[in-house]
Amino acid sequence: MDAPDLAPPPAIADAPPGADRRGPHALPMDKLVIEGGPRLAGAIAVSGAKNAALPILCASLLTAEPLRLSNVPRLNDVRTMRTLLAQMGVAHDATGGALALCAAHIDWPLAPYELVKTMRASILALGPLLARCGEARVSLPGGCAIGLRPVDQHVKGLAAMGAEIDLEHGYIAARARRLRGARYVFDVVTVTGTENLMMAATLAEGTTVLENAAREPEVVDLARCLVAMGARIVGAGTDRIAIDGVDALHGATHAIMPDRIETGTFAAAAAATGGDVVLEGAGADALDAVIDKLRESGASVDVRDGALRVRRDGPLAPFNVRTAPFPGFPTDMQAQMMALATVAPGTSVITETIFENRMMHVQELKRLGADIEVEGNAAIVRGVPRLAGATVMATDLRASAGLVIAGLIADGETTIDRIYHLDRGYERIEDKLGALGARIRRVR
Ligand code: UD1
């Protein structure tokens with residue numbers, strides 16, 4: 001990336017007149033209060049995947065025609081992304097469960113700091129904006145609770161496609177009359193990096209080949225949507241994706257895939273509470289690594305007609321988890337499985353290899369009585385007979401989900417503070433858990 005250029009940013013003004021720079025909503029300091037004990041039982045429907053919806057919403061920037069989406073989850077991150085797109089000039093129409101987005105004109109190819117700092121996935125606007133408008137300014141995300149999470153791969157990949165990129169006043173400023181197809185080998189496997197370059201390449205001149213690409217199911221779902229819009233993409237779901245650029249994309253209709261992390265979270269909660277839960281509309285084929293670990297922990301998992309049934313009658317057993325890019329064990333399920341391990345008799349080892357600071361839930365789990373020691377990037381968890389309710393603090397989205405699971409099995413009352421993290425990625429978590437018999441309420 002180029003050194004910072006202190007000249008005032010040219011071309012794009014800071015924000016459209018009257019834009020709300022604070023983001024779509026204040027962040028209320030809601031708490032969740034959980035009375036631990038009940039085993040979860042019953043059936044609930046899985047929502048659409050947050051990590052598929054966010055890039056797919058950005059894909060609407062690639063065409064002047066409407067993109068009609070169904071199964072869009074009602075999450076704060078999705079609202080933030082819609083605010084971001086609306087500020088750029090994208091028209092929205094949400095009726096029933098469907099969302100139509102139309103980027104007939106893009107007035108402001110800019111993602112301001114105020115929104116990017118609340119949601120790093122805003123970086124996903126960079127590739128599509130640049131490809132469609134020939135220019136884009138996206139704020140650097142800044143510090144992140146779960147690690148450095150740089151965006152160098154996004155920037156280097158776009159530069160390989162001919163973009164001129166500068167850092168200006170904390171913004172990535174990119175320009176390219178038209179991107180050119182290129183071969184780009186990622187230094188690290190990055191999910192949003194792969195998505196950003198794949199979207200940019202759809203409108204580039206010539207063929208782009210992405211090597212060492214992320215194989216996550218959400219990349220495949222985005223590719224499916226782009227293909228429906230007229231893009232030419234082969235290899236999504238493998239580590240080599242080839243994209244033949246076209247002159248223009250058109251409108252399309254797409255249903256967002258089910259959320260495999262929401263599914264895994266409820267599955268871990270069912271296993272932890274010795275419950276019997278059916279997760280309807282779960283995309284079980286994307287969950288092999290999680291299902292294997294749930295079975296190792298003593299749960300039985302059946303997949304039938306697109307539903308996942310998770311039961312546990314017998315005792316828990318310890319298990320080891322090592323996070324890895326797909327198809328390895330997802331880092332986004334690490335905290336939830338750690339919560340399960342806290343009450344599995346014996347020693348479980350949970351190793352985080354994707355993010356360098358994703359163990360913040362350990363301190364909070366210890367407040368509930370868990371026996372955990374962190375050595376480098378591994379947590380050694382010695383199962384205790386029971387956890388005891390306490391007040392804990394959510395530190396990031398998936399850490400919060402781990403604390404909810406711990407609260408469900410702890411004796412007495414657990415209060416989880418700062419649950420705005422949870423609202424970013426779980427749709428009505430207290431309603432869904434309540435429907436399964438959990439004693440959980442939101443306190444404003
Ligand atoms: C996505 C997911 C997030 C998940 C993560 C890993 C979305 C919206 N978010 O995040 O829920 O936890 O994948 O599965 O889909 N890296 C670099 N340079 C880059 C980009 C990434 O070094 O340019 C590093 C990161 O610091 C991290 C690793 O690569 O250590 C993986 O990050 P990445 O896959 O990019 O995560 P996100 O796409 O941000």
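**Figure 1. Arg 175 and its salt-bridge partner, Glu 168.** Arg 175 counts as partly exposed in this predicted model, at 25% relative accessibility. Since buried means under 20% relative accessible area, Arg 175 falls outside that class with its 25%. Its side chain meets that of Glu 168 in a salt bridge, with 3.4 Å from N to O. Glu 168 is buried, and its relative accessible area is 3%. So this view pairs a buried acid, Glu 168, with a partly exposed Arg 175.

**Figure 2. A salt bridge between helices α7 and α8.** Here the side chains of Glu 218 and Arg 260 come together in a salt bridge, 2.7 Å from N to O. Glu 218 sits in helix α7 (residues 217-228) and Arg 260 in helix α8 (residues 260-272), so that the pair, 42 residues apart, links distant parts of the chain. Are the two partners buried or exposed? Glu 218 is buried, with 4% relative accessible area, and Arg 260 is buried as well, with 8%.

**Figure 3. Arg 311 and Asp 302.** This close-up shows another salt bridge, in which the side chains of Arg 311 and Asp 302 meet at 2.7 Å, N to O. Arg 311 is partly exposed, having a relative accessible area of 24%. Asp 302 is partly exposed too, and its value is 32%. Both values lie in the range between the cut-offs of 20% for buried and 50% for exposed.

**Figure 4. A network of salt bridges.** Which residues are linked in a network of salt bridges? They are Asp 30, Asp 423, Glu 430, Arg 442 and Arg 444. For context, a search of the whole structure finds 26 salt bridges.

**Figure 5. The ligand and the residues around it.** There are 19 residues around the ligand, and those that come nearest are Gln 153, Thr 190, Thr 192, Asp 332 and Ile 354. A nitrogen atom of the ligand lies 2.7 Å from a polar side-chain atom of Asp 152. Gln 153 takes part through its backbone, where a polar atom is 2.7 Å from an oxygen atom of the ligand. Thr 190 uses its side chain instead: an N or O atom there is 2.7 Å from an oxygen atom of the ligand. Taken alone, the ligand exposes 740 Å², and the protein buries 87% of that.

**Figure 6. What makes up the shell around the ligand.** By residue class, the shell holds 8 nonpolar, 6 polar and 5 charged residues. Helices α5 (152-160) and α6 (191-201) each supply at least two residues of the shell. Which element gives the most to the shell? That is α5, with 3 residues.

**Figure 7. Helix α2, mostly covered.** Helix α2 runs over residues 76-88, and its end C-alpha atoms are 19 Å apart. Why does this agree with expectation? At 1.5 Å a residue, its 13 residues should span 18 Å. How many residues of α2 are buried? The count is 10 of 13, so the helix is mostly covered by the under 20% criterion. The buried residues are Asn 76, Asp 77, Val 78, Thr 80, Met 81, Thr 83, Leu 84, Leu 85, Gln 87 and Met 88. Just after α2 comes Gly 89, whose phi is positive, near 115°.

Definitions and conventions. Residues are numbered from 1 along each chain as its sequence is written. This is a predicted model: local features need pLDDT of at least 70, side-chain atom pairs count only at pLDDT 80 or more; totals for chains, interfaces and linings use all residues. Side-chain values use heavy atoms; hydrogens and water are left out. Helices (H or I, at least four residues) and strands (E, at least two) are DSSP runs, numbered from the N terminus. The expected span of a helix is 1.5 Å times one less than its number of residues. Buried means under 20% relative accessible area, exposed over 50%, partly exposed in between (1.4 Å probe, protein chains only). A residue is near a molecule or strand if one of its heavy atoms lies within 4 Å of it. A polar contact is a pair of N or O atoms within 3.5 Å; within protein, one must be able to donate a hydrogen and the other to accept it, and residues adjacent in sequence count only if both atoms are side-chain atoms. Accessible areas come from the Shrake-Rupley method with a 1.4 Å probe; for residues, only the protein chains shown count as cover. Ala, Val, Leu, Ile, Met, Phe, Trp, Tyr, Cys and Pro count as nonpolar, Asp, Glu, Lys and Arg as charged, and the others, Gly among them, as polar. A salt bridge is a side-chain nitrogen of Lys or Arg within 4 Å of a carboxyl oxygen of Asp or Glu.
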